[in-house]
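This report describes a single protein chain and its ligands. The sequence and structure come first, and the notes follow.

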Amino acid sequence: MSTPADVAGRGSITHVILDMDGLLLDTEKFYTEVQEIILARFNKTFDWSLKAKMMGRKAIEAARIFVEESGISDSLSAEDFLVEREAMLQDLFPTSELMPGASRLIKHLHAKNIPICIATGTHTRHYELKTQRHKELFSLMHHVVRGDDPEVKQGKPAPDGFLAAARRFKDGPVDPQNVLVFEDAPSGVLAAKNAKMNVVMVPDPRLDISHQDVADQILTSHQEGGQRDASCGCTLLPSFSRTEAVERYKEVSQSVGTHG
Ligand SMILES: O=P(O)(O)OC[C@H](O)CO
Ligand SMILES: [Mg+2]
């Protein structure tokens, strides 16, 4: 079993739940790319304030936000947006690559016998496409809770996915206070807090800093010495940062309670 961190007044972190898109897999860029293309048709631009509202959510929930907030709902329904988006995403998802540090994080947790699982808003058919090149690594998960799971009545920021994930561990249900969640999306961080879990946010640096208020701990490229990737122009976390974060999970948990 795990090597729990003793945390005064909070119990111990014994289990870890990982988000997938934008945390383990570099797939958020696909959604961004496709949504930019669709909005360009309406002479509009897709910005990170809209991205922040959509990411992490179930597809139909994100789609409603997209057409309404961008002011195109009279011309394009949420359902038609999903159909149009799907055709492009189907080609992109099989090329999904791991986020920097994701492999080390997963292997580190597995080697330490810390039970790990995924709670993602992604539906099963997309999950299969995104992970098809990474089956060995993803096989280290104890279980995976996807957005179309019958127990996930509401997507993030509702706690359904994280609570279902905590129930399905071998020794489950695991007390939320003993769970550490890793998330990249504002809605996902809120979902973890709504589930009364501890959460480390690994935000894309293009997200507004106001989204960092809710998490118990932030890992940013600034704090962790991130580097600029010339090929995609985005800031990447160095490979050590997530592993180091897990090794510090006692410290992370101790910060819980200071953030309400
Ligand atoms: O970030 P995830 O893994 O919950 O996935 C959510 C959507 O599929 C993409 O925003
Ligand atoms: Mg995510």
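The sections below go from the chain as a whole to its metal site, its ligand site and some local features.

## Overall picture

The model is predicted. The chain has 12 helices and 10 strands. Of its 260 residues, 54% count as buried. The accessible surface of the chain comes to about 11,700 Å², and carbon and sulfur atoms make up 50% of that surface.

Among contacts in the chain with a separation of 6 or more, 65% are between residues 24 or more positions apart.

## The magnesium site

The magnesium ion (ligand 2) is coordinated by Asp19 (OD), Asp21 (O) and Asp184 (OD), at 2.0 to 2.1 Å. Along the chain, these donors follow the spacing D-x1-D-x162-D. Aspartate 19 lies in the loop between β3 (15–18) and α1, and aspartate 184 in the loop between β6 (179–183) and α9 (186–194), so the pair ties together parts that are 165 residues apart in sequence.

Aspartate 19 has a relative accessibility of 3% and therefore counts as buried. Aspartate 184, at 4% relative accessibility, also counts as buried. The side chain of aspartate 19 makes a polar contact with the side chain of lysine 156, at 2.8 Å. With neighbours within four places in sequence left aside, aspartate 19 is in contact with Leu24, Ala119, Lys156, Phe182, Glu183 and Asp184.

## The surroundings of ligand 1

Ligand 1 is surrounded by Asp19, Met20, Asp21, Glu28, Tyr31, Met55, Gly56, Thr120, Gly121, Thr122, Lys130 and Lys156. Asp19 and Asp21 belong to this shell and are also among the residues that coordinate the magnesium ion (ligand 2). By class, the shell has 3 nonpolar, 4 polar and 5 charged residues.

Oxygen atoms of ligand 1 are paired with both backbone and side-chain atoms of the protein. A backbone N or O atom of methionine 20 lies 3.2 Å from an oxygen atom of ligand 1. In the side chain of glutamate 28, an N or O atom is 2.7 Å from an oxygen atom of ligand 1. For the side chain of threonine 120, the corresponding distance from an N or O atom to an oxygen atom of ligand 1 is 2.6 Å. Taken alone, ligand 1 exposes 310 Å², and the protein buries 95% of that.

## Helix α6

Helix α6 spans residues 124–131. Its buried residues are His126, Tyr127, Leu129, Lys130 and Thr131. Lys130 is also one of the residues around ligand 1.

What covers the buried residues of α6? The cover includes the helices α1 (28–40), α4 (78–92) and α7 (135–138). The strands β4 (116–119) and β5 (144–145) are included as well.

## Backbone exceptions

Most residues other than glycine have a negative phi, and most peptide bonds are trans. Against that background, two peptide bonds and two asparagines are listed here.

The peptide bond from lysine 156 to proline 157 is cis, with omega near 20 degrees. Proline 157 is found in the loop between β5 and α8 (160–167). Lysine 156, which precedes this bond, is the residue whose side chain makes the polar contact with aspartate 19. A cis peptide bond also leads from glycine 172 to proline 173, with omega near 0 degrees. Proline 173 is found in the loop between α8 and β6.

Asparagine 43 has a positive phi, near 55 degrees, and is found in the loop between α1 and α2 (48–54). At 75% relative accessibility, asparagine 43 counts as exposed. Asparagine 113 has a positive phi near 60 degrees and is found in the loop between α5 (102–111) and β4. With a relative accessibility of 49%, asparagine 113 counts as partly exposed.

## Arginine 168

Arginine 168 lies in the loop between α8 and β6, the loop where proline 173 is also found. Is arginine 168 buried or partly exposed? At 28% relative accessibility, arginine 168 counts as partly exposed.

Not counting residues up to four places away in sequence, arginine 168 touches His142, His143, Val145, Asp149 and Glu151. Arginine 168 and valine 144 are 24 residues apart in sequence, and their C-alpha atoms are 9.2 Å apart in space.

Terms used:
Residues are numbered from 1 along each chain as its sequence is written. Chains are lettered from A and ligands numbered from 1 in the order in which they are written. This is a predicted model: local features need pLDDT of at least 70, side-chain atom pairs count only at pLDDT 80 or more; totals for chains, interfaces and linings use all residues. Side-chain values use heavy atoms; hydrogens and water are left out. Buried means under 20% relative accessible area, exposed over 50%, partly exposed in between (1.4 Å probe, protein chains only). Helices (H or I, at least four residues) and strands (E, at least two) are DSSP runs, numbered from the N terminus. Contact means heavy atoms within 4.5 Å. Donors are N, O and S atoms within 2.8 Å of the metal (3.2 Å for Na, K and Ca); water is not among the atoms, so sites may look incomplete. A polar contact is a pair of N or O atoms within 3.5 Å; within protein, one must be able to donate a hydrogen and the other to accept it, and residues adjacent in sequence count only if both atoms are side-chain atoms. A residue is near a molecule or strand if one of its heavy atoms lies within 4 Å of it. Accessible areas come from the Shrake-Rupley method with a 1.4 Å probe; for residues, only the protein chains shown count as cover. Ala, Val, Leu, Ile, Met, Phe, Trp, Tyr, Cys and Pro count as nonpolar, Asp, Glu, Lys and Arg as charged, and the others, Gly among them, as polar.
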